[in-house]
There are 2 protein chains.
Amino acid sequence: MLNAINLTDKLALFDEQWAPKVIAEMNDYQFKLAKLQGDFVWHRHHDTDEVFIVLDGELRIDFRDSSVYISSGEMYVVSKGVEHKPFADTEVKVLIVEPRGVVNTGDATNDQTAQNDVWV
Amino acid sequence: MLNAINLTDKLALFDEQWAPKVIAEMNDYQFKLAKLQGDFVWHRHHDTDEVFIVLDGELRIDFRDSSVYISSGEMYVVSKGVEHKPFADTEVKVLIVEPRGVVNTGDATNDQTAQNDVWV
């Protein structure tokens, strides 16, 4: 008997915020869980779209000219090359889908830049 | 103000089973909602892995030598080339992630083969 990947169980395995953890790979894409709270850095991903699926809480993503609120049970695709800044008032739990090798802070580098390919 | 994609709202827009509906694209990948019940056809996708995220209910995927049960809040990656057959005793609602152009019945064709690129 094979085992499915339980998102709640995987989320219980780490507390760090802004540090995505890989839980699955599909071709050259990764599914990553992350816990986000507070303000992230403005950044963009020049080579790829990026998907956020909110599992618990509410995520706001600011763009230079608008914002989107993503609640539990909702998803959003940030288009390639578009500058954005995630924000969460209280901790939000998200599932991120993007190609292997994408750095969380994109073209920006700061103390929120996370190590890639960390699995839980 | 931009709008997120609400999975429950999108699921309410169709009743058909085994007929995936596209709700988002990320690069050359699609996110598709589907309602599944009963037995599907044995098939494989020669060129791609396939992700199932269960939103409501329980999905069983049979392989030739094993099975996996995927409940609400769980996901599973069916590897490229591996023969499989989804099954659901009662209706299960799933989010499927796979490259644009993948046919639901893979290398098999029958009356469950669905039209591609149908958006809700």
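In chain A of this predicted model, A:Arg60 stands opposite A:Phe87, a residue of strand 8. That pair is a handy way in, as strand 8 of chain A also pairs with strand 3 and with strand 4. From there we can step back to chain A as a whole, then look at chain B and at how the two chains meet.

**Strand 8 of chain A and its partners**

- The pair A:Arg60 and A:Phe87 belongs to a bit of sheet where strand 5 (residues 58–63) and strand 8 run antiparallel, joined by 4 bridges.
- Strand 4 (residues 50–56) of chain A pairs with strand 8 too, again in the antiparallel sense, and here there are 5 bridges.
- If you want one spot to look at in that pairing, try A:Val54, which sits opposite A:Val94 of strand 8.
- Then there's strand 3 (residues 29–39) of chain A, which pairs antiparallel with strand 8 (residues 84–99) over 10 bridges.
- Which residue of strand 8 is the bridge partner of A:Leu36? It's A:Val92.
- While you're looking along these strands, keep one general point in mind: side chains in a regular strand alternate between the two faces of the sheet.

**Chain A as a whole**

- Chain A has 1 helix and 8 strands.
- Reading from the N terminus, the order of the elements is β-α-β-β-β-β-β-β-β.
- The radius of gyration of chain A is 14 Å, close to the 14 Å that the globule rule gives for 120 residues, so chain A is as compact as a globular protein of that length.
- Measured out along its principal axes, the C-alpha trace of chain A spans about 50 × 30 × 25 Å.
- Of the 120 residues in chain A, 35% are buried.
- Take the contacts in chain A with a separation of 6 or more: 65% of them are between residues 24 or more positions apart.

**Inside chain B: strands 2, 3 and 8**

- Is strand 3 (residues 29–39) of chain B largely enclosed or open? It's largely enclosed by the rest of the structure, because 8 of its 11 residues are buried.
- Strand 2 and strand 3 of chain B run antiparallel, with 5 bridges joining them.
- One residue of that pairing to look up is B:Val22, whose bridge partner in strand 3 is B:Lys32.
- These two strands of chain B form a hairpin with 2 residues between them, and B:Asn27 in the turn has a positive phi of about 55°.
- Strand 3 of chain B also pairs with strand 8 of chain B, antiparallel and over 10 bridges.
- Two lysines face each other in chain B: B:Lys35 stands opposite B:Lys93 of strand 8.

**Where the chains meet**

- On the chain B side, 26 residues are in contact with 26 residues of chain A.
- Several elements of chain B supply at least two residues each to the side that touches chain A: strand 1 (5–6), helix 1 (7–11), strand 2 (21–26), strand 6 (67–71) and strand 7 (74–78).
- Which strand of chain B gives the largest share of that side? Strand 6 does, with 5 residues.
- By class, the side of chain B that touches chain A has 15 nonpolar, 9 polar and 2 charged residues.
- Pairing also goes across the interface, where strand 1 (residues 5–6) of chain A and strand 7 of chain B pair in the antiparallel sense over 2 bridges.
- In that cross-chain pairing, A:Ile5 has B:Met75 as its bridge partner.

**How the copies are related**

- In general, two copies of a chain are related by a rotation about an axis and a shift along it.
- Here, a turn of 180° and a shift of 0.0 Å along the axis lay chain B on chain A with an RMSD of 0.0 Å.
- That's the relation of a two-fold axis.
- The copies meet through the same surface, because 100% of the interface residues of chain B are also interface residues in chain A.

**A backbone detail in each chain**

- Most residues other than glycine have a negative phi.
- A:Asp117 has a positive phi, near 60°, and is found in the segment after strand 8 of chain A.
- Because A:Asp117 has 12 C-beta neighbours inside 10 Å, it counts as exposed.
- In chain B, phi of B:Asp117 is positive and near 60°, and this residue is found in the segment after strand 8 (84–99).
- B:Asp117 is exposed, with 12 other C-beta atoms within 10 Å.

Note on methods:
Residues numbered from 1 in each chain as written. Chains lettered and ligands numbered in written order. Predicted model: local features only at pLDDT ≥ 70, side-chain atom pairs only at ≥ 80, totals over all residues. Pairing = 2+ DSSP bridges. Contact = placed C-beta atoms within 7 Å. Nonpolar A, V, L, I, M, F, W, Y, C, P; charged D, E, K, R; others polar. Least-squares fit on C-alpha atoms with pLDDT ≥ 70 in both. Rg over C-alpha atoms; globule rule 2.2 N^0.38 Å. Buried ≥ 20, exposed ≤ 12 C-beta atoms within 10 Å, placed from the backbone.
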